[in-house]
4 protein chains.
Amino acid sequence: LIPATTTGAALASVRRNETDAACVPIENSIEGGVPAVLDALIAGPPLVIIREVQIAVQFALMARPGTEMNMIRTVGTHPHGEAQTRHWMGDNLQQASVVMTSSTAEAAAQVARGELDAAVSAPVAAAMNGLKILAGDIADNAAALTRFVLVRPPCAPPEPTGADRTSVAVTTKNQPGALVTLLTELSMRSIDLTRVESRPTKDRRDSYWFHLDCAGHVAEPAMGEAIAALKRRCDQVRYLGSYARSSPPDDPASSLEASGIDSAVPEADKAKGDGGADFNASFDWLRRIRSGTIG
Amino acid sequence: LIPATTTGAALASVRRNETDAACVPIENSIEGGVPAVLDALIAGPPLVIIREVQIAVQFALMARPGTEMNMIRTVGTHPHGEAQTRHWMGDNLQQASVVMTSSTAEAAAQVARGELDAAVSAPVAAAMNGLKILAGDIADNAAALTRFVLVRPPCAPPEPTGADRTSVAVTTKNQPGALVTLLTELSMRSIDLTRVESRPTKDRRDSYWFHLDCAGHVAEPAMGEAIAALKRRCDQVRYLGSYARSSPPDDPASSLEASGIDSAVPEADKAKGDGGADFNASFDWLRRIRSGTIG
Amino acid sequence: LIPATTTGAALASVRRNETDAACVPIENSIEGGVPAVLDALIAGPPLVIIREVQIAVQFALMARPGTEMNMIRTVGTHPHGEAQTRHWMGDNLQQASVVMTSSTAEAAAQVARGELDAAVSAPVAAAMNGLKILAGDIADNAAALTRFVLVRPPCAPPEPTGADRTSVAVTTKNQPGALVTLLTELSMRSIDLTRVESRPTKDRRDSYWFHLDCAGHVAEPAMGEAIAALKRRCDQVRYLGSYARSSPPDDPASSLEASGIDSAVPEADKAKGDGGADFNASFDWLRRIRSGTIG
Amino acid sequence: LIPATTTGAALASVRRNETDAACVPIENSIEGGVPAVLDALIAGPPLVIIREVQIAVQFALMARPGTEMNMIRTVGTHPHGEAQTRHWMGDNLQQASVVMTSSTAEAAAQVARGELDAAVSAPVAAAMNGLKILAGDIADNAAALTRFVLVRPPCAPPEPTGADRTSVAVTTKNQPGALVTLLTELSMRSIDLTRVESRPTKDRRDSYWFHLDCAGHVAEPAMGEAIAALKRRCDQVRYLGSYARSSPPDDPASSLEASGIDSAVPEADKAKGDGGADFNASFDWLRRIRSGTIG
């Protein structure tokens, strides 16, 4: 485990083969997609997601021993940390300036070095830096979940589990109805879209990368057909991986360790995947009419 | 070549393996589909179309030598012959009753046997039965073309020519939008529908067999995918064959022999078929992302 | 009530204002659409349907008193009569020639005049022409229903009943997906298509008039919006009327009189029409956002 | 003109009727949508957009006179300011901590009060606070445009100009294909979607508010019909206004004043709006068939 100062740096080190994989946050149930990660997945050589986990990130206010709440003038944290504790800080730390750091871990380290008065970070950072927790569980929305993904260079996807997710990013051809047509490629094949997020392409106005998360695995025939259809229909397609869907932790306060990257898929979700029996039966029939075995 | 009294009889003899194939009319450019043929293709063991030809059927009024126009009291012909010469007969044979026969050839034979005064049939029938042509080219619409198809028991389709047609008949599941959804399976894959014809299923009200003719060949990936999708989506699917599209004769008066079952496909039409390059490229890409060769 | 020799003649007399309306068969549950009527509704000045009735047409074999079955050499009937009694006649009248007449009533009249030996016609024609019924109920499929429509020059449609049908005929613009797009105009507005029938336009190859029957009334907002959309999207649109849907007779052998043109609509069907409450609520909301009353 | 500390505060003051309208940034061509504004438009009583303007926001590094680059330890700015100058600051101010402020104007004020060493803000803020510009034009992407909208309580929309935009936010019913179906309501009516942005609804997982920008005006028939259709089809609809589309400034460095809220719509864009002639003609035809004037 090698910490990186930013998600961009973590992904860059994977692209340079300095690390095998990077674990980065891609979406928060309150704040939405993480723009820097979505953009970094697209910009540069291909990377694929091989795992995901949803965790309820905890935030605590921590300082050097001896510091009291009313002595805090500067609080460091990452913008996502700030967004998720904004109301609490507005109520409790009005006198302090918020200093943006590259990560919440870095904020805690700066407090330890005396460069900041306090940090909003994960509780574990207090122990690692010899800091004292002044207030725990300060997230404005305790049920907020952050989805993290494990990203690596292109490789064969993990085996289908029956409850998988496939991520892809596409740009549409510049013509009327382009978006509705590509989404129809999914709906016609009964593929559920679980997330759609648009990001400016930055090089053309009114032009977007659409990040799509779909229920299913690229090894399944329906998803394979759909992904191939997107390839034909879209201007650009970035396949971003097929991987087991994680279930949210039962206890929203559970930590990364508790929820576990290997958390079992609920049986109910598994039942949804049919392994493509319907498609395979139709392909079998097609082979037989092509060969003249049946009419 | 074995003549049959009706199209139904011709198809039945193929189903009983008494004949290798049957040549039956399926559609007329003025009268529309031939209901008896469309229904007979569905009812019974599977049959497939392997060839088509479009010809301008000629009609002549013929009688035994010595018969004059004003002596004719009964004229025999097949209902399609009647439909295509109705106006001419209304103008020229008002005094005569039209007798429906099982085929136009049968009408000529009955005239030869003295059972009818005259027949509306193909000119060749006059020579075969020793009759005299009283009036030629009596079709109301000289440009009318009839499409004939060569039908046989299930076999591998002829090789794709780049300008093919695929025929299929389907019944939809009884749910809203069922027809539009199945046609979308074709349009999403850029498959042109060249004919659609509905026939009552006879066993349920407001329920139809839809006969669809599409541009393309079942051996091509786009058509294969579409046909497999219809298999999944429809209540019943009857694959009725993939075969070279015939071009209409330049001269609408040309005979079956002249137009030729082997008539070359126009170069312009051939250019339209891309042999599925677009689909194959997308399948190739799919194979590579599935194996992890690319991202 | 003025009998006409053919359906075409009946419609022509309405167009010439010689009659107020014409009652013509438009569809049979076994034989499908009646091509001559479908084509005649399109060719010529506009006509609209204001009523429909579904009846189980009965066929009887009738002859002059004294005629026995084995004496019959000629049997007159209309082609639809022939189609619906074909199997019975093949089993029972092999020795006879079938003579096509302009209507089944005309066949009975010709028998009375001694021009034919027997007629296949409605039982009532025997009484009207002093003929004797040799065999009743000879239709091959006793459950076959024929839908008749009452047609007149353009007029405001009858009031909506909550269980209505709207008929329209359209030609599509000559572009890919034209048919699926126009059907989508219906399905997007939850309008059920109860019948679709294609007829060659006769002036262009691979070009069709599509006759569409839809559940609903043109006075309802959903149907109004859909019909206006077809007007914009199609090459040609013929509005053919909105009228109460008839229910099929409980007893398939019931006569025209029994089933009645005024047959009540089943309560179950009526419940389906919502009078457009959903649409009207959305239009009301639209008016308010346009006026700035709400956001 | 009353400055507000945050976009949320600006919108809240409009909702409390303390101000007539608020001018807030809604989208940046590089950074994408502004989540806080998108979310605030939805949460609370309705507000509508009546104007938009696209401007190239300029950023300068400013400090109190006497401060040199190498003396800067703290730089204040708003997160969007940080995002748009990240690379420049990484290259030129590695030794400094970035302090997040509620707005870029507030950062300049804090520098003037001696609470921060420097600010990244608009050049005009230097003059207003007696600061010196150490570096101008420091945005990483000089062509980046920010779209600002003028928001007020519900009112009738401005008159259509022929080149308008309509903004709406919707949540879909929780059923397969819900998104594709609602986008089809737009595409079927030839309405261009110029932006789509998803935001978590925060109360349900995998559930989103979709912010849609469409070309056209709610007073036009096509847009009216489409918006009413969304009302019927969506779980929730927030109409967010119809207003003239602004054209981007020719000179990306032009200021808000230069580009002007009243900037003329390009003639080319105007030509696209047909004022609904096509729709109005179809409605006129509908009125006539409903009244029986035509068939």
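1. Salt bridges between chain A and chain B. In this predicted model, the count between chain A and chain B is 2 salt bridges. One to look up is the pair A:Arg189 and B:Glu225, whose closest N and O atoms sit 3.0 Å apart. Keep Glu225 in mind, as its chain A copy turns up again in point 3.

2. The rest of the A–B interface. Chain A puts 36 residues into the contact, and chain B puts in 36 residues as well. Together the two chains bury about 2900 Å², with 67% of that on carbon and sulfur atoms. If you want to know where to look on the chain A side, go to A:Met188, A:Arg232 and A:Trp285: they supply 24% of the area that chain A buries against chain B, more than any other three residues.

3. How A and B are related. Turn chain A by 180 degrees, with a shift of 0.0 Å along the axis, and it lies on chain B with an RMSD of 0.1 Å. That is what a two-fold axis does. In chain A, the C-alpha nearest this axis belongs to A:Glu225, at 4.3 Å from it. The copies also meet through the same surface, since 100% of the interface residues of chain A are interface residues in chain B too.

4. The other contact of chain B. Chain B also meets chain C, and here 35 residues of chain C are in contact with 35 residues of chain B. The area buried between chain C and chain B is about 2800 Å², 57% of it on carbon and sulfur atoms. How many salt bridges does the rule find across the interface of chain C and chain B? The answer is 0, so don't spend time hunting for one there; the rule asks for a side-chain nitrogen of Lys or Arg within 4 Å of a carboxyl oxygen of Asp or Glu.

5. How C and B are related. Chain C goes onto chain B by a rotation of 180 degrees with 0.0 Å of shift along the axis, and the RMSD is 0.1 Å. The C-alpha of chain C nearest to that axis is the one of C:Val99, 2.1 Å away from it. As for the contact itself, the same surface serves both copies, with 100% of the contact residues of chain C recurring in chain B.

6. Helix H10 of chain D. This helix covers residues 277-291, and its length checks out: at 1.5 Å a residue, 15 residues should span 21 Å, and the end C-alpha atoms are indeed 21 Å apart. Which residues of H10(D) are buried? They are D:Phe279, D:Ser282, D:Trp285, D:Leu286 and D:Ile289. These cover an arc of only 125 degrees around the axis, which puts them on the same side of H10(D). The spacing makes sense, because an α-helix has 3.6 residues a turn and residues three or four places apart point the same way.

7. What sits over that side, and what comes after. The cover for the buried residues of H10(D) includes helix H7 (221-233) of chain D, along with helix H7 (221-233) and strand S13 (236-244) of chain C. After the helix comes D:Gly292, with a positive phi near 85 degrees.

8. Two positive phi values in chain C. Neither of these residues is a glycine, so both are worth a look. C:Asp137 has phi near 50 degrees and lies in the loop between strand S8 (132-135) and strand S9 (146-152) of chain C. It counts as exposed, at 58% relative accessibility. C:Ser190 has phi of about 60 degrees and is placed in the loop between helix H6 (178-187) and strand S11 (193-200) of chain C. C:Ser190 is exposed too, with a relative accessible area of 67%.

9. A loop residue in chain B. Where is B:Asn141? It belongs to the loop between strand S8 (132-135) and strand S9 (146-152) of chain B. With a relative accessible area of 30%, B:Asn141 is partly exposed. Its C-alpha is 8.3 Å from that of B:Thr85, although the two are 56 residues apart along the chain.

10. Chain A as a whole. Chain A has 10 helices and 13 strands. Of its 295 residues, 52% are buried. Looking at contacts in chain A between residues at least 6 apart in sequence, 76% join residues at least 24 apart.

Note on methods
Residues numbered from 1 in each chain as written. Chains lettered and ligands numbered in written order. Predicted model: local features only at pLDDT ≥ 70, side-chain atom pairs only at ≥ 80, totals over all residues. Heavy atoms only, no water. Helix = DSSP H or I, 4+ residues; strand = E, 2+ residues; numbered from the N terminus. Expected span 1.5 Å × (residues − 1). Buried < 20%, exposed > 50% of the residue type's maximum accessible area, 1.4 Å probe, protein only. Arc of directions from axis to C-beta. Contact = heavy atoms within 4.5 Å. Least-squares fit on C-alpha atoms with pLDDT ≥ 70 in both. Buried area = accessible area lost by both parts, 1.4 Å probe.
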